[in-house]
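Me: I should like to go through the terms used for this model and ask what each one rests on. Please set each value against its cut-off.

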Amino acid sequence: MSMTIIVTGGAGFIGGNFVHYLLKKYPDYRIVCVDCLTYAGNMETLAPVMQNSNFRFVKVDITDRENIFKLFEEEHPNMVVNFAAESHVDRSIENPGVFLNTNIMGTQTLLDACRKFGIDRYHQVSTDEVYGDLPLDRPDLFFTETTSLHTSSPYSASKAGADLLVQAYNRTFKVPTTISRCSNNYGPYHFPEKLIPLMIANALNDKPLPVYGEGINVRDWLYVEDHCAAIDLILHKGLVGEVYNVGGHNEMRNIDIVKLILKHLDKPESLITYVKDRAGHDMRYAIDPTKIHNELGWLPATKFADGIQKTIQWYLDNRGWWEHIVNGEYQNYYTKMYGKK
Ligand code: NAD
Ligand code: DAU
């Protein structure tokens, strides 16, 4: 069956990978990417699909009600997948307002458009960070879909606010929604302000690798294509009104990731620099993916050892993509954030 899917935030990391994934897997689907191109949006990520006749890029802010409604009127989408967000925790500590605006008000605008024009599915791409964190000394604990929301940063609070709004629109206005809450992603097109791409880029440039605190915080890493496959399954087989946790039981300490990257690139550990910790730094994330496995048959396909190798190779093969970012406006942000640590 042919259908039109609006993918918001498709010029970003996961949204960009999802656009590539959909166009490859469903050659008869029409994919409309909505992105206002913040510092994190990159048209180079979409360059390989810009000539595809089933793809349309529209530069619109998801909080721009008039233009979002106009787009829905034009395209009559069957589904909306909302990736668009301010996504970096450190930036949310510096400037919370833009996070509330995009992540909450933008979500509301999209939900209102779905309500007005009708939709088969609105999918909200959420995060495991809405559950807060887990203690390092309780490896038996995991986040399930019924774990209570308990946020730490303005970023995670804004994502939790959006999730609650999605659930409210489902119950009150019967908008057919689903939500996925995924753990940390890694892979191609990851903006080099986040741990893995930042460490790869710095190591390749022989620059210090800034590790927050003692580097013992734990994240649960998933290759981005496995996240895309999970969302695809939820869109096509998931039940309306449900929340699905997505994660691959791949917990690692930051310091171990950083050392692994240095080893792969044959760079010395003397590049590691311990810097001031992130305020409110979550200790450990760990997803229990039993529900999506049992109900939809999802399992991650990429082991971390293979995924990190592929990712490092991608950054070696695509230096232009990240060097344009590192050399540009992002430098000002970098100096501001790390100059004082
Ligand atoms: P990203 O920062 O790489 O990309 C975000 C994209 O959204 C950019 O292209 C940006 O231009 C666009 N955008 C931002 N504000 C917008 C607005 N107001 N209107 C239109 N477009 C706007 O983010 P990412 O890492 O790809 O994350 C995508 C989504 O997945 C986010 O909702 C995030 O909360 C969620 N998520 C991320 C991870 C992760 O590990 N990166 C894990 C779980 C969930
Ligand atoms: O868990 C899902 C979340 O993962 C997503 O919702 C967020 O959008 C995404 O940014 C990511 O959040 P994190 O805060 O976990 O990712 P980040 O890459 O910023 O940091 C990962 C860990 O590495 C964290 O413990 C902080 C640490 N870190 C990060 C940076 C940027 C460092 O030690 N040094 C750094 O320079």
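**Helix crossings and ligand shells**

Reply: In this predicted model, the axes of helix H9 (residues 254–265) and helix H11 (residues 304–317) come within 11 Å and cross at roughly 60°.

Me: Why is H9 called oblique to H11?

Reply: Angles under 35 degrees count as roughly parallel, over 145 as roughly antiparallel and 65 to 115 as roughly perpendicular, with the rest oblique. The axes of H9 and H11 cross at roughly 60°, and that makes H9 oblique to H11. As to handedness, H9 passes H11 in a right-handed crossing.

Me: What makes H5 roughly parallel to H6?

Reply: The axes of helix H5 (residues 96–117) and H6 cross at roughly 15° and come within 9 Å. The limit for roughly parallel is an angle under 35 degrees, so H5 is roughly parallel to H6. The crossing of H5 past H6 is right-handed.

Me: How do you know that Lys159 makes a polar contact with ligand 1?

Reply: A polar contact needs a pair of N or O atoms within 3.5 Å. A polar side-chain atom of Lys159 is 2.7 Å from an oxygen atom of ligand 1, so the pair qualifies. Backbone N or O atoms also approach oxygen atoms of ligand 1: one of Asn185 at 2.9 Å and one of Phe13 at 3.0 Å. Of the 840 Å² of accessible area that ligand 1 has on its own, the protein covers 96%.

Me: Which elements give two or more residues to the shell around ligand 1?

Reply: They are helix H1 (13–25), strand E5 (121–127) and helix H6 (154–173). E5 gives the most, with 3 residues. In total, 28 residues surround ligand 1, and the closest are Ile14, Asp35, Ser87, Tyr155 and Lys159. By class, this shell has 14 nonpolar, 11 polar and 3 charged residues.

Me: What makes the approach of Asp128 to ligand 2 a polar contact?

Reply: An N or O atom in the side chain of Asp128 is 2.5 Å from an oxygen atom of ligand 2. The cut-off is 3.5 Å, so this pair counts as a polar contact. For Tyr155, a polar side-chain atom lies 2.6 Å from an oxygen atom of ligand 2. Leu195 places a backbone N or O atom 2.7 Å from an oxygen atom of ligand 2. Ligand 2 has 680 Å² of accessible area on its own, of which the protein covers 94%. Helix H7 (195–204) and strand E8 (209–212) are the elements that give two or more residues to its shell.

Me: How do you know that Arg278 belongs among the residues around ligand 2?

Reply: A residue is near a molecule if one of its heavy atoms lies within 4 Å of it. Among the 25 residues around ligand 2, those that come nearest are Thr127, Asp128, Tyr155, Arg278 and His281. The shell divides into 11 nonpolar, 8 polar and 6 charged residues.

Conventions:
Residues numbered from 1 in each chain as written. Chains lettered and ligands numbered in written order. Predicted model: local features only at pLDDT ≥ 70, side-chain atom pairs only at ≥ 80, totals over all residues. Heavy atoms only, no water. Polar contact = N/O pair within 3.5 Å; in protein donor to acceptor, adjacent residues only side chain to side chain. Areas by Shrake-Rupley, 256 points an atom, 1.4 Å probe, with all protein chains shown as cover. Helix = DSSP H or I, 4+ residues; strand = E, 2+ residues; numbered from the N terminus. Nonpolar A, V, L, I, M, F, W, Y, C, P; charged D, E, K, R; others polar. Axes fitted to C-alpha atoms, helices over the stretch in contact; angles between N-to-C directions. Left-handed = near helix turned anticlockwise from the far one by under 90°.
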